[in-house]
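Hi,

Here is the structure I said I would pass on. Have a look at it, and then read on for what turned up.

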Amino acid sequence: MTLARRSLLAAAPALAAATLAAPRAARAQAGAGRVVILGGGFGGASAARFARDRFPQLDITLIERSRTFTTCPYGNLVLAGRRDMASITFGYERLAARGVRVVHQAAVAVDAGAKRVRLADGAQVPYDKLIVSPGIDLRWGAIEGYDEAASARMPHGWVPSLQPISVLAAQLRAMRDGGVFVMAIPDNPFRCPPGPYERISMVAEYLKRHKPRSKIIALDAKNGFSKQPLFQDAWAELYPGMVEWRGASNDGRVVRVRPAEMEVETEFGDRVKGDVINVIPPQMAASIAREAGLAAASGWCPIRPTTFESAQVPDVYVLGDATVAAPMPKSGFAASSHAKHAVACIAASLAGRPTPPAVFFNTCYSHVGDDYGISIVGVFRGTPERIVEVEGSGGISPRNEALGARARDFRKLEALYADGWYDAITNEMFG
Ligand SMILES: Cc1cc2nc3c(=O)[nH]c(=O)nc-3n(C[C@H](O)[C@H](O)[C@H](O)COP(=O)(O)OP(=O)(O)OC[C@H]3O[C@@H](n4cnc5c(N)ncnc54)[C@H](O)[C@@H]3O)c2cc1C
C-alpha cells in the first residue's frame with residue numbers, strides 16, 4: 001500500500017464526517033461560476049439582485065456605464081407634474097453592499113470565444129455565463145430628418161440615458177395655453193406598448209390643469225394599441241375634446257420631420273405643426289448587443305424561449321427589451337421576469353441540474369388621470385419553439401360600463417396598485 005493511499009484511507013472517516021458536518025458550504029460551491037451581467041436596468045439589476053440572494057455560490061459582476069439609473073416607468077408622471085426626477089432615479093450602492101461587484105464602465109466588446117467582456121478602460125472581465133440586458137437604441141434616420149440633433153428640438157424622452165424626460169417636461173411647461181402638443185408613435189415592436197398612451201394621458205392631465213385650451217394630436221404608425229378601449233374611455237371622460245388620435249389607416253404614420261419649422265409630415269403628405277413635438281422613433285436592440293453578434297437582421301436578439309440563452313451565441317443570455325420575446329411586451333416587468341428565469345437556468349446549468357420550467361409574468365399598469373389607473377396582465381410559457389401566452393390567464397381590466405357604480409373605486413385601486421408595483425420592483429432592483 002502506498003503512503004498516499006494509506007493516508008487517504010486513514011483520513012476517510014474524517015473526510016466523510018467533514019462532508020456531512022459542513023454540507024451547505026461545501027455543496028454550494030458545486031455549482032459555482034462567474035456570472036457577468038451587462039446593463040444595470042430592469043433586466044440586469046433584477047438579475048444581479050436575484051442571483052445574489054438566491055445563489056450564493058455564484059460570483060456576480062454587474063457592468064453598468066452610469067452611476068445612477070432613471071426609470072422610464074413613472075417618467076410620464078414627471079410630465080404631469082406628479083413626480084420629480086429624483087424620485088425616479090436610483091443608485092447601485094445597495095446592490096454593491098449585498099455583494100454584487102458593480103463596475104461603472106461602458107462595455108465596448110464581447111469576445112464570446114475567449115468568454116470575456118472588454119470595458120472602455122481596456123480591462124477584460126472573464127465570465128462563465130454572460131447576461132446581456134442593455135435595452136434599446138433609437139433608429140436615427142428611420143423617420144427622415146429625425147436624428148440626435150433633431151431630438152433636442154423634438155424630444156423623444158424614451159431612453160433616459162440618451163435624453164432625460166425632463167427635457168420634454170420643460171418644453172411642456174413653456175408651451176402657451178392653446179398650443180398643440182404633437183406625438184409621433186412608432187409601429188410594433190417597440191419599448192413599452194402602453195407607454196405612448198399613458199404619456200398622452202399624463203400630458204392631458206397637465207394641460208387640463210394648467211393650459212386647458214391646448215390640444216394633443218397623436219399620430220400613430222399602427223391601427224390599434226394596448227388597452228385601447230380603456231385609454232379612449234378615459235380620454236373621453238377626463239379630457240373631452242383634448243385628444244385626437246390618428247391611426248395608420250387614417251394617415252397617422254409620420255415619415256418626415258422638419259425641426260426648424262416645428263412640423264411633421266405623414267405618409268400621405270399631411271403637414272402637422274406643433275408647439276411641442278414628441279417623436280418616439282422606431283427602435284432596435286442596444287449597440288453592444290448588435291456588435292456582439294446577438295441580434296438578427298431585424299435588429300432584435302433571438303433567444304431560446306426555454307432559457308433566454310441567445311439563439312446565436314452560447315453561454316450568453318439576453319434579457320429585456322433587446323430580445324425577440326413576443327407575445328411578451330417590452331416592459332420592465334417582463335425584463336425582470338426574464339431575469340429571474342435566466343439566472344435560475346444559469347445556476348442549474350452550472351450545477352449540472354435540469355433546466356427549470358419556463359414561466360413568465362407581466363403586468364403593465366398605466367396612470368391615465370388623477371386616481372385613475374388601468375392594467376393589462378399576461379402569463380406566458382416558453383416552449384422550445386416560441387413563447388406562448390397561457391390561455392385564459394390574463395387580460396385587461398374591465399371597462400367602466402362593465403363596472404357600473406364600482407368604476408371610480410376600481411380605477412382608484414388600480415392607481416394605488418400601480419404605485420405599489422413601482423415601489424416593489426424598484427426596491428427589488430435597488431433596495
Ligand atoms: C415612457 C415609458 C414608460 C414605461 N412604463 C413602464 C411601466 O409602467 N411598466 C413596465 O414594466 N415597463 C415600462 N416601461 C418599459 C421599461 O422601461 C423597459 O421595458 C425596461 O427598461 C427594459 O429593461 P432592459 O433591462 O431591457 O433595459 P434598460 O432598463 O434600459 O437597462 C439597460 C441598461 O444597460 C445599460 N447599458 C447599455 N449599454 C451598455 C454598455 N455598452 N455598457 C454598460 N452599460 C450599458 C444602460 O445604461 C441601462 O442602464 C416604460 C418605458 C417608457 C419609455
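Alanine 311 is partly exposed, because its relative accessible area is 36%. You'll find alanine 311 in the loop between β19 (301–302) and β20 (316–318). Not counting residues up to four places away in sequence, alanine 311 touches Pro302, Ile303 and Arg304. Cysteine 301 is 10 residues away from alanine 311 in sequence, and the C-alpha to C-alpha distance between the two is 8.1 Å. Bear in mind throughout that this is a predicted model.

Cysteine 301 takes us to the disulfides. How many does a search of the whole structure find? The count is zero. A disulfide is a covalent bond between the sulfur atoms of two cysteines, and the cut-off used here is a pair of sulfur atoms within 2.5 Å. For cysteine 301, the closest cysteine sulfur belongs to cysteine 345 and is 18 Å away, which is too far for a bond. Cysteine 301 has 0% relative accessibility, so it counts as buried. Cysteine 72 has its closest cysteine sulfur in cysteine 192, and that distance of 7.9 Å is also too far for a bond. With a relative accessible area of 29%, cysteine 72 is partly exposed.

Cysteine 72 also turns up as a neighbour of proline 160. Leaving aside residues within four places in sequence, proline 160 is in contact with Thr70, Thr71, Cys72 and Arg191. Proline 160 lies in the loop between α6 (150–153) and α7 (165–174), and its relative accessible area of 24% makes it partly exposed. Glycine 41 is 119 residues from proline 160 in sequence, yet the two are 11 Å apart in space, C-alpha to C-alpha.

Now for the overall layout. The protein chain is divided into domain 1 (3–135 + 286–430) and domain 2 (138–283). Their C-alpha centres lie 30 Å apart, and the contact takes 38 residues from domain 1 and 37 residues from domain 2. The size of an interface is often given as the accessible area lost when the parts come together. Here domain 1 and domain 2 bury about 2900 Å² between them, with 61% of it on carbon and sulfur atoms. Which three residues supply more than any other three of the area that domain 1 buries against domain 2? They are Asn76, Leu79 and Val368, which supply 23% of it.

Val368 is a good way into the strands, as β22 covers residues 359–369. Eight of the 11 residues of β22 are buried, so this strand is largely enclosed by the rest of the structure. Strand β23 (residues 372–382) runs antiparallel to β22, and 10 bridges join the two. One pair to look for is cysteine 364 with its bridge partner in β23, isoleucine 376. β22 and β23 form a hairpin with two residues between them, and aspartate 371 in the turn has a positive phi of about 55°.

There is another hairpin in β14 and β15, this one with four residues between the strands. In its turn, methionine 262 has a positive phi of about 50°. Strand β14 (residues 254–258) and strand β15 (residues 263–266) pair in the antiparallel sense over four bridges, and valine 254 stands opposite threonine 266 in β15.

Then have a look at the open sheet of three strands, which has the order β6-β7-β8 and antiparallel pairing. Why is one side of both β6 (107–111) and β8 (124–126) left without a neighbour in the sheet? These strands stand at the edges and each has a single partner strand. On average, neighbouring strands of this sheet are turned by 25° against each other, direction ignored. Three bridges join β7 (residues 116–119) to β8, and arginine 118 stands opposite glutamine 124 in β8.

Last stop is helix α9 (residues 228–238), whose buried residues are Gln228, Leu230, Phe231, Ala234, Trp235 and Leu238. The buried residues of α9 pack against α8 (195–210), β13 (243–246), β22, β23, β25 (395–396) and α13 (407–430). Glutamine 228 has a relative accessible area of 17%, so it is buried. Leaving aside neighbours within four places in sequence, glutamine 228 is in contact with Asn223 and Trp245.

Cheers

Key: Residues are numbered from 1 along each chain as its sequence is written. This is a predicted model: local features need pLDDT of at least 70, side-chain atom pairs count only at pLDDT 80 or more; totals for chains, interfaces and linings use all residues. Side-chain values use heavy atoms; hydrogens and water are left out. Two strands pair if DSSP finds at least two bridges between them. Axes are lines fitted to C-alpha atoms, for helices over the stretch in contact, and angles run from 0 to 180 degrees between N-to-C directions. Buried means under 20% relative accessible area, exposed over 50%, partly exposed in between (1.4 Å probe, protein chains only). Domain bounds come from an automatic or database domain assignment. Contact means heavy atoms within 4.5 Å. Buried area is the accessible area (1.4 Å probe) that two parts lose on being put together, summed over both.
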